[in-house]
Every structure is written in C-alpha cells, then in structure tokens.
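Biologist: Please take a close look at one part of this assembly and explain it in plain terms. I would like to follow how one chain meets its neighbour, and then what lies around that place.

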Amino acid sequence: MKKNPFWKVINGIGLLLLICIFALPFVWMISTSFKTLGETMTFPPNWIPNQLLWENFSKAWNSGPFLKYFLNSTIVSVGILILQFATIIPAAYAFARYRFKGNNFFFGVTMVTLMIPTQLIFLPVYLQMSAFGLLDSLWGLILPFASSAFGIFLLRQSFKQVPEELLEAARLDQASEWKIIIKIMVPMAKPVLITFAMFSFIAHWNDYFWPLVMTTTEASRTLPLGIAKLREVDGGVAWNILMAGNLILVIPILIIFFFGQRQIIRAFVYTGVK
Amino acid sequence: MSWIKARPYVMIFPAILVFTLFFLYPIGYMIFLSFHDWNFVSPVKEFVGFSNFTSLMEDAKFLQVLRNTFMYSGLTVFLTISISLLLALWLNKKGAMYGMVQGAIFSPHIISLVSISMLWMWIMDTDYGLLNWFLGLFGITNIPWLTDPKTSLLSLIIVAVWKGIGYYTLIFIAGLQSIPRDIYEAAALDDTNRIRTFFKLTLPMLSPTLFFLTIIGLIGSFQVFETISIMTKGGPINSTNTIVYYIYENGFRFFKIGYASTAGVILLLIIGIFTVFYFKLLGRKVHYQ
Amino acid sequence: MAEIRLENIVKKFNEDTVVKNLNLTIQDGSFTVIVGPSGCGKSTTLRMIAGLEAPTSGDIWIGDECVTHTEPGKRNIAMVFQNYALYPTMTVRKNIEFGLVNKKVPKAEREVLIREISDIVGLTEHLDKKPQQLSGGQRQRVALARAMVKKPKVFILDEPLSNLDAKLRGQMRRELIELHQKLGITFIYVTHDQVEAMSMGDQIILLDKGVMQQVDNPMKMYHDPNNVFTAEFIGTPAMNIVKRTEMDRYLPDLFKKAAFVGFKPEHALLVDEEWAISNYVIMESEILTTETLGAETIYAVRNEAGMMNIKSFTEPITNTKKIHVAVAYDKLYFFDIAEERIRHSYSHNTIPLSQVKKPALVGGN
C-alpha cells in the first residue's frame, strides 16, 4: 500500500471489515448461546447478552444422550487417526523407499482414490457395510477411513526427502527396517504427521454426512448428528439452545485451534501447496 | 518369495485393502447397480441395461439437479478463487494485524458444516436474520434468501464461498511467497507497472496453485451435501437439489438404488473427465515423485 | 586380521559397467586412499566393501571371511559419510549410541564407551545437543565418534572432508592421520582430491572409468606414474604432456616408440636468454598468464610445442614476456601410443660440454 495516510485508513477499515465478515457470525453464535429465547429475537441484535444463561448448555446437553454422542465422536475421530497412522506409515515408506514390481501401479491406485469424492460413493459403501453387518456401529464409521490416500501422499513425499545416506548409516548401525522407520523416519516426518493428524481429526470430528448415512440408532450417533437433531423440536427453533449445542461441538476444535493455530493453518496450507 | 521381496507388499497391504474394500469395490458395485433395478429389499436385482441412464437423461428433475450441481460448483469455485486471489494479494504482508485477519478468515474452515449451516440458516432467515437486518439499514428489505427459488442456490453458494475463502487465500499467500523475489526486482528494474507485473509474472507463477485449487474445489463442491440437507432440503422446488443430495434422496427415501447409482456413475464420469483433463494440462508441470 | 580382498569384482548399473573386473588387496592396518575423478567407480567400490551395494559378480573378503552376501551391519565395518548422515532428530549421544543399542550392548557399557569416545574427539560438552546446533567440524567429529564407538575392524570414509572449509579440512586431515595411528585399524578413504590422497594415504589406489590405473605409495605415485592418466592426475598443475610430433624440433632423434613426452611443471626452469647446456631441452616461450601463489608462481606459457604450465619457486617475472623453458632430459617422461609409460632415458648431446654456458635463472632471488 501507499504511504499516504488516507490509504492507510482505508486499508485499516478494510481489514476490520474482513474480520467482521468472518468473525461476527461466530461472535453472534457465542453470544446467542447465552441469551434467553426472547432476547435472540431482538433487533438490532445484542452483541453482548443481557445475562449469561449457562443453563442453555445443560439444556442442550440433556436434550439427548449427549455424553454418548461425545464419546462416540471421540472414539471415531481418534480411532480413525490411530488406524490411519498404522496403515499409512508402512505404505508410505514402502512407496518411498522400496523398488518393487507394482510400486507405480499401487501408488496410482492410491492416487485415484484421492480424486474420488467419498460422498459420491456412499451408497455402495453403505451396502458393503450392510453386508459386513457393520451398519449402525462405530466400526462402520471408522473402517472406511482406516487409511488415507492423502496421508500416504504427504508422508511419501516427506520420506523421499530423507537422504539415502541416513538409511545406509542406520543399516551399518545394524538397525532393522522397522527400527529405521520408528527411530529415524517417523521422528523426521513429525511435522507432516502432526499436520496430517490435525487435518484428519478436524475432518472426522466435524463429519455429519457419514454418521447420518451409516447410523440409525442413538447408540452409534455422533455429536454433529446430535446437534442437528436439536433443531427438530416442536414449535419453532430454540436458537439459543441450538447455538449452545453448536458451541459444544465447536469448542474442542476451537481449543485445538487456539493452541495450534499456526500449526493448523500451516497444516492446511501445506496440504494445499504440496 | 523371500521376506525381502515380500516386505513392500506386506507394508502396503493394509492401506490397499482399505482402498479396495471401501473405494474400488464400491465403485465397481455402483457401476454394476447402475445397470440394475433394485429397491433395497427385494432379493432380485433385475438387469435393465442402459435404461437407468436413458430415463435419467429424460428426467427433468435429474437434469435440473445436474444443472444445479454445475451452477453451484462453477460459481462457488470461480468466486472463491477470484476473491481469494485478490485477498491474497492484499493480505500478503507481515504484521500482527495481517496475521489476525488471516486467522479470522481461515476460522470457518475448521468449523463443522453442521454449525455453519445452522448459523447461516439463521443469518439468512427472512424475518429474524442478521443479514436482512443489516441490509435493512440500507433500505433493502426482506429478501427471502433460502425460501425463494431465485435466491436459494445463490445463498448456498455464498455460504460455500464464505467458508472456503480463508483456506484458498492462505494457499495463495503461500504460493505468492514461494515466488522468488528477484523476479520482481528484475521486473522493477525493467520499469514494469503493477498490473503488467501481476498478469505477466505473478499469475503465471501461481498457475499450478490455481489449477490445483480449481480441481480440488470442483471435486469438493460436486459433493456438497451438508448445507443442502440442513438449510434447504433441496428445495424450494428443487432449486438447491444437487447430485449427492439427489442420490441420498433416491437411495434412502425412494429406495431406487439403481437410479441413484446411475446418478453417481454419471458424476463419476464427469469427475473422471475433469481429472484427466487436469493431469493432461498439468502433467508436465507437476511432478509427483 | 582385516586384510580386504576384492576378487574379480564387476558392478553394473543396468547397462553401465561402473567397475570392471577389479582385483585388489588392502593391507591390514593400512591407510588406503581410493582416488579418481568423479564417475570413476571409487564410491561404488567403497559401498560394495561396506555392503551397501552388491557386486554384480566377484567376491569380497575381509580377513578369512567371504562377506559378499553379508548384511552391512554384520561386516564389522564403520563408515563416515560425505554429508555425515547424522540422525537429525537424535542428540549427539543418541547418535553415537544408536549402533550400540542395535547391537544390544548393555547400558552401563554403552555409557563407558560414549564417554571414552567423546573424550577422544572432544565432544563431551556437546553430547546433549542436536546435530543442527553443531558446526561443520563438530558434526564431522560426531560422525567419526559414531563410527569409532563400534570398534570396527575397518573404517571407511567417503569424501568426509569435502564439506569443510579449507582451513578446517587441513586440521581434520591431520587428526585423521593421528586417529589412524592411534586405532591401528584399516582405513579406506575415498576422495577425488589428489592432494588429500597424497597427504594422507600410505597406499593410493587410482581408479579411472572403473579400471584400476595404479596402486602405489604416494611418492612412487608421484615420481613414477605408470601411464598418462596417473601422470596427469597426481600433482598440481598436472604434468605437461605433449605429442612427440610437437616436440620433434626440441628432441631430435627421439626413440621410435615414444608417442608422448611429459614433464612436471615444477621440473622446468625459466632462463632469460638462449643458452645451451648439455642434457636440457630448451624451449623459447612466451608467458601468457602468471598466477602468483606466494611461495610459488605458476606460468602458462606458449611455445612451438603448444601450451604448458610451469611452476617456479622464485619471485614472479614481471619485466618480460619472452622466456626460455629448460627441462633436464632425465626429468622427461615418455609414453607409448597406448599412453603407457616407457621407462627409457633420452640423451642427445650435440654441443660439446666445454661450450656450455652457466644458466642464468630469471626472476628475483
């Protein structure tokens, strides 16, 4: 920008406006979740609620088996993450470091799955799960994501950058391949792994579609479904309770975001740039 | 086969198994189903050849769904990319303020689409919505954002653009920062003006990022579901019904599995064409080593 | 015993033969330097000894044991890599310890060994740092320590000094020589730098295009090259090698078989006027460039035989371009048409000794 003070002011106003456009909806969400139902309807809206109505949260929480939802969400997101690590690390290492017949073919298969929108093929996957008897179970939510083409892609790039000399040094140090992966490759790929972990956790914590399609009873529903159900109350939507519920869903992510903002942003950007 | 030879296969096996079971096989199965008529419960899947395809192509509702999908994806991607690019050029600066703005515009990206849909549903509410209240300050009154077929799809596009901009902007910023400075210095020494510098240097240097974002943007938008399911349920009068929602409805509500699968196959073909086009266009520039 | 023998070693990468039938013995306890230009197969040879590369055919022996098919970790060999190959996520201590842990050496013993070694290489105070926090020289020492701690029978070094600056390189060179004397085990050292080879090795193996050119001790290598390649490779600047046809006017009646004539730049004298002396070639020349290096001066000169380098240890000549280059007959080297050395002397004495004037050297004193 120019040094001209007029432009500086315009620039500043522009930046503030941007923050408003993107942050105000959340501010509204937070403030609404503390309001009485009557106060949610006042215009112009009160940005700061008249009083902090904490009971909105307990109302939301008690309107359904929210503890169950919360635990299910946690089990699914963490379970997916653990399985993904277990499958992508060895696969990425093999793709990056071994020459074998079919290396390119199988990596090609992996890349193809990367291009296929998962939501498009939910119907046959649903039928598949039904054949396995895994419908309406947490396994049905976890297994389709037990590996990640995207994770393999990222990690393979990172493993490829490790100089061959390092592996040779380790082999001369009598390290087994397993040890090389655990003691050398994984620690070196730590930034990429953290990046991927955040990416994956956020995606599956927030996921609404798969649980919606794959579950039929409360026993296996997750938090986003529970929140969506908050809307289905008779006689108009209780926006304050609904927003309180949404806040319950968002808070874990916000906490992660708060502590790892730089890392998360870098993570998402990294995944886009590579 | 010795262990050394078998090892790589053992290591990729779990991942490939998952892909086979939950991606490749389902795709095959979906193609199989698209040639059949089935209602979920009947023990017989009746082979009907291409009739699902032909009737879909004559189905005015499906054609509208396709049109909606393309309209939605095309506009969303176009708007997101152009706005993000402009924002990236603006925000690509050092300083706490710019960091904060970057954080703010990125924040919708980590929030669940469920929350975003509900939030915007309320913001776009005709009578009690924040948006109409705000526009009311300028004398524009009561736009029925989500309840009028003229504006409903546009409303969903606005939400998608709002959610996507931060991510795209940050990727563009990263792209801008990876352009070597000396190129700009050389251009400055050649007395190139800013607009020319942008079109002749910046844009070409960003083109791989641009292509990449276009393709993932399109593939991502093709599968839009959450906002539709929560905000409009495909309505009013199908104005926001897009393909994944259409498959969902046909499969889970009308139990027309063959029909739903065929719609999936058609979109898969379209995505396939896009992907091939993308790699043809970019294959020489992008090296996946 | 850790004498290393390579028998009929051939290494091919796809169609390229990188090492052609190499037969070689590396003496137990020697400091053997494998030297040659890049692409000569020296690194491949080294990596085959270490077990990082399998020979296409032939056998490798360490002592009485054929190790051709032994895993690298089991050969009792330690290696220092060109880029050190330190494990970046581990501290210096962990780096040194890694091989010991894999060998299942008990913890107490490991600690004694680490203390001992880090003392020798002077790393004690850096044990808990990560490699990125160390200077190039220190990293080099960690690499050495990591190799030494395993108490190997053979120590392999692959261009270990090429990433250091000139001053540190000189110092590390001396330290490596000392280390070799202290440990008394076989060192195999690969470099493309003939100065390193000359200054460190007690045995030099010179390779070119996968073929062994000469194996000798440094002085033999310098004074008595087997062929044009060795003659040109050892010494800076390289030996001047001229086709005999170009030298005909200076060396009448040269024996038939000689196809090339060579002399070392440092064996030429620069004299100021036409003088004649028995058993010297005299070439009237013009100085093209002068490189002054302090203790010595290198001239590029041109005469009727072509361009030549001359190294002189007197003050640089500044007052004239015209000069005469004189080389004693017994400092001439002859090579046949296959570029192999002909150990044959030349003499041609047309001027009676009585007429010979005393040469006057050019340059300040």
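Modeller: What follows goes from the chains as a whole to one interface, then to one residue, and ends with a sheet and a pair of domains. Keep in mind that this is a predicted model.

Start with the chains. Two pairs of chains are in contact, and chains A and B share the most contacts. Chain B and chain C are not joined by any contact, and their closest C-alpha atoms are 12 Å apart. The part to look at is where chain C meets chain A. There, 25 residues of chain C are in contact with 15 residues of chain A. Together the two chains bury about 1,800 Å², and 60% of this area is on carbon and sulfur atoms.

The interface also has polar links. Eleven residue pairs, both residues at pLDDT 80 or more, are in polar contact between chain C and chain A. Two salt bridges are found across this interface. One of them joins C:K150 to A:D173, with the closest N and O atoms 2.7 Å apart. On the side of chain C that touches chain A, the elements giving two or more residues are α1 (42-50), β6 (77-80) and α2 of chain C. Of these, α2(C) gives the most, with four residues.

Now look at one residue of that helix. C:N95 is found in helix α2 of chain C, which covers residues 92-102. Is C:N95 buried or exposed? Its relative accessible area is 0%, and buried means under 20%, so C:N95 counts as buried. The side chain of C:N95 reaches the backbone nitrogen of C:Y87 at 2.8 Å. Leaving aside residues up to four places away in sequence, C:N95 touches C:L86, C:Y87, C:M90, C:P131, C:V142 and C:R146.

Chain C also holds an open sheet of four strands, in the order β11-β12-β18-β19, with antiparallel pairing. The edges are β11 (240-243) and β19 (341-342) of chain C; each has a single partner strand, so one side of each is left without a neighbour in the sheet. In general, strands of a sheet pair through backbone hydrogen bonds, either parallel or antiparallel. Strand β18 of chain C, residues 333-335, pairs with β19(C) in the antiparallel sense over two bridges. C:F334 stands opposite C:I342 in β19(C).

Last comes the partner, chain A. Its domain assignment gives domain 1 (5-57) and domain 2 (65-229). The C-alpha centres of these domains of chain A lie 37 Å apart.

Note on methods: Residues numbered from 1 in each chain as written. Chains lettered and ligands numbered in written order. Predicted model: local features only at pLDDT ≥ 70, side-chain atom pairs only at ≥ 80, totals over all residues. Heavy atoms only, no water. Contact = heavy atoms within 4.5 Å. Buried < 20%, exposed > 50% of the residue type's maximum accessible area, 1.4 Å probe, protein only. Polar contact = N/O pair within 3.5 Å; in protein donor to acceptor, adjacent residues only side chain to side chain. Pairing = 2+ DSSP bridges. Domains from an automatic or database assignment. Buried area = accessible area lost by both parts, 1.4 Å probe. Salt bridge = Lys/Arg side-chain N within 4 Å of Asp/Glu carboxyl O.
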